[in-house]
Amino acid sequence: MRNSLLVVGLVFALMACHRAPTDEATGAATASATPTPTIPKAMQGKWGMVPADCEKGRSDAKGLLIVGPTTLTFYESVGTLKTVEQLGDTSLDAQFAFTGEGTSWTQEEMLELEDGGRTLSRSETGAPEAGGGPFSYSRCPA
């Protein structure tokens, strides 16, 4: 009996050491953080629909696309990566939350690297009103 009480005491002591993470302000248990997916590194950088889009200092580069780890930045809008449908080294199919020109929307985008990474193809997919593209971009010189 005495050994049983000792074992029970040790179990409670170990349980106290392994508490779930809590919010410091409320003391409520928090969910475990999952890593945020990112856009493949090979796709990140500046891309232009025409060579003039890549010229430094141009304020009218309407075909410039800047791909960051979690964003697509266009001339008048920015899309932030929300969920990934499919991910590969040279392709991405994902939902982005866009803002621009005073409005917000969600759009599924398909990105694919072609020509050994020199060309990026982008298509708007996933919704009946989508269907823009494919749009073709060339990597801007560094």
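Start by selecting Asp-93 and Met-110: Met-110, in strand E6, is the bridge partner of Asp-93. You are looking at a predicted model, in which local features need pLDDT of at least 70 and side-chain atom pairs count only at pLDDT 80 or more, while totals for chains, interfaces and linings use all residues. Residues are numbered from 1 along each chain as its sequence is written, and side-chain values use heavy atoms, with hydrogens and water left out.

Now show the whole of E5 (residues 91-100) and E6 (residues 103-114), which run antiparallel and are joined by 10 bridges. Strands here are DSSP runs of at least two E residues, numbered from the N terminus, and two of them pair if DSSP finds at least two bridges between them. Stop at the hairpin of E5 and E6, with two residues between the strands, where Glu-101 has a positive phi near 50°.

Next, add E4 (residues 78-87), which pairs with E5 in the antiparallel sense over eight bridges. Pick Val-78 to find Thr-99 of E5 opposite, then follow the three-residue hairpin that joins E4 to E5.

With E5 still selected, turn on a surface: seven of its 10 residues are buried, so this strand is largely enclosed by the rest of the structure. Buried means under 20% relative accessible area (1.4 Å probe, protein chains only).

Finish by selecting Cys-140, Pro-141 and Ala-142, which are among the residues lining the largest pocket, together with others including Lys-46, Asp-53 and Arg-58. By class, that lining has six nonpolar, one polar and five charged residues.

Notes:
1 Å grid on protein atoms, 1.4 Å probe; cavity = no way out; pocket = protein on both sides within 12 Å on 5 of 7 lines; lining within 4 Å. Nonpolar A, V, L, I, M, F, W, Y, C, P; charged D, E, K, R; others polar. Buried < 20%, exposed > 50% of the residue type's maximum accessible area, 1.4 Å probe, protein only. Helix = DSSP H or I, 4+ residues; strand = E, 2+ residues; numbered from the N terminus.
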